[in-house]
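User: Could you walk me through the charged side chains in this model, and show me how each label is earned?

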Amino acid sequence: MVGDVHMIKVEALNAERQLMRIDVPRSLGVGTFDMVRISDGTKLIALYNAAGGAENLTSDPGTITITEFDLEAGVLKATFNFTGTDPLNQLPDVVEVTEGSFTALFEGVPGANNTFSANIDSSGYTPDDIVVETSVVNQYPRVSITTTKDDKKMVLTFPLTVTEGTFEMGTEVVVGDEIVASYTPVVGTSITYVSIPGSLVITNYDLANGIIEGTFNFTGRDASGQDPTIYQIT
């Protein structure tokens, strides 16, 4: 942790004491990203030190391509290239780092720090499995949280365009910016009851670090209106 930012530092040291280090924000996913030259400890940066009292040469420029980043299993795989120079522009030293690659295994976090809990008609619901997925609907990036406990399933889905605040729920995703929750008492047997009505309160929205926190309540009803059963999710 650097400040409030989760970081992964990958260091490699050879027999000649030459050091290479890459600082990776834990909020990064799969993709190609540019490195910075100077960091406060919370930025994507690479450095090389030739040992023997040499100064650090940092990425100017540099890129990393992350092919796997699994916070739950604790796996980070990537390839990288960078030109190492003195970040203070006081030394003429330059090093070209090419065809770099690594696989870093670290202590994963079960559920990747995801938590979810609710009450169904005053009975506690703490799921055994939490799956978080992202998608795009009509250009709206979305996140869906699917949870299961025994035969029960509860889903909460909302657009990533939300901010901290209170939002009303709808019954289905059509445009892409709707917030919808649903509850299925017995998967494969019963119908799914959707939020009519419901509300979502986002209390912490820090997308850069991959953190969204909030609370929600909804009344689960049959969207067709044929089944009079009601579930209160609080």
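Analyst: Happy to; what follows takes the salt bridges and then one buried acid in this predicted model.

User: What makes Lys9 and Asp23 a salt bridge?

Analyst: A lysine nitrogen has to lie within 4 Å of a carboxyl oxygen of Asp or Glu. For Lys9 and Asp23 the N to O distance is 3.1 Å, so the pair meets the 4 Å rule. Lys9 sits in strand β1 (residues 7-13) and Asp23 in strand β2 (residues 19-25), 14 residues apart, and the pair links distant parts of the chain.

User: Why is Asp23 called buried, and Lys9 partly exposed?

Analyst: Buried means under 20% relative accessible area, and partly exposed runs from there up to 50%. Asp23 has 2% relative accessibility, so Asp23 counts as buried. Lys9 has 42%, so Lys9 is partly exposed.

User: How do you know that Lys9, Arg21 and Asp23 belong to a network?

Analyst: Asp23 also forms a salt bridge with Arg21, with the closest N and O atoms 2.9 Å apart. Together with the bridge between Lys9 and Asp23, this links Lys9, Arg21 and Asp23 in a network of salt bridges. Arg21 has a relative accessible area of 23% and is therefore partly exposed.

User: Why does the pair of Asp40 and Lys43 count too?

Analyst: Their closest N and O atoms are 3.6 Å apart, and the cut-off is 4 Å, so the pair qualifies as a salt bridge. As for exposure, the limit for exposed is over 50%. Asp40, at 55%, is therefore exposed, whereas Lys43, at 37%, is partly exposed.

User: How many salt bridges does this rule give?

Analyst: The count comes to 5 salt bridges, among them the pair of Asp40 and Lys43.

User: What makes Asp222 a buried acid without a salt bridge?

Analyst: Asp222 is buried, and the nearest side chain of opposite charge, Arg221, is 11 Å away. A salt bridge needs a nitrogen within 4 Å of the carboxyl oxygen, so Arg221 does not qualify. Asp222 is found in the loop between β16 (211-221) and β17 (231-233).

User: What does the side chain of Asp222 reach instead, and how do you know that these are polar contacts?

Analyst: The backbone nitrogen of Asp227 is reached at 2.9 Å, and the backbone nitrogen of Gln226 lies 3.2 Å from a polar atom of the Asp222 side chain. The limit for a polar contact is 3.5 Å, so both distances fall within the limit.

User: Which residues does Asp222 touch, leaving out those up to four places away in sequence?

Analyst: Asp222 touches Ile191, Tyr193, Ile196 and Asp227.

Technical notes. Residues numbered from 1 in each chain as written. Predicted model: local features only at pLDDT ≥ 70, side-chain atom pairs only at ≥ 80, totals over all residues. Heavy atoms only, no water. Helix = DSSP H or I, 4+ residues; strand = E, 2+ residues; numbered from the N terminus. Buried < 20%, exposed > 50% of the residue type's maximum accessible area, 1.4 Å probe, protein only. Lys, Arg positive; Asp, Glu negative; His and termini not counted. Polar contact = N/O pair within 3.5 Å; in protein donor to acceptor, adjacent residues only side chain to side chain. Contact = heavy atoms within 4.5 Å.
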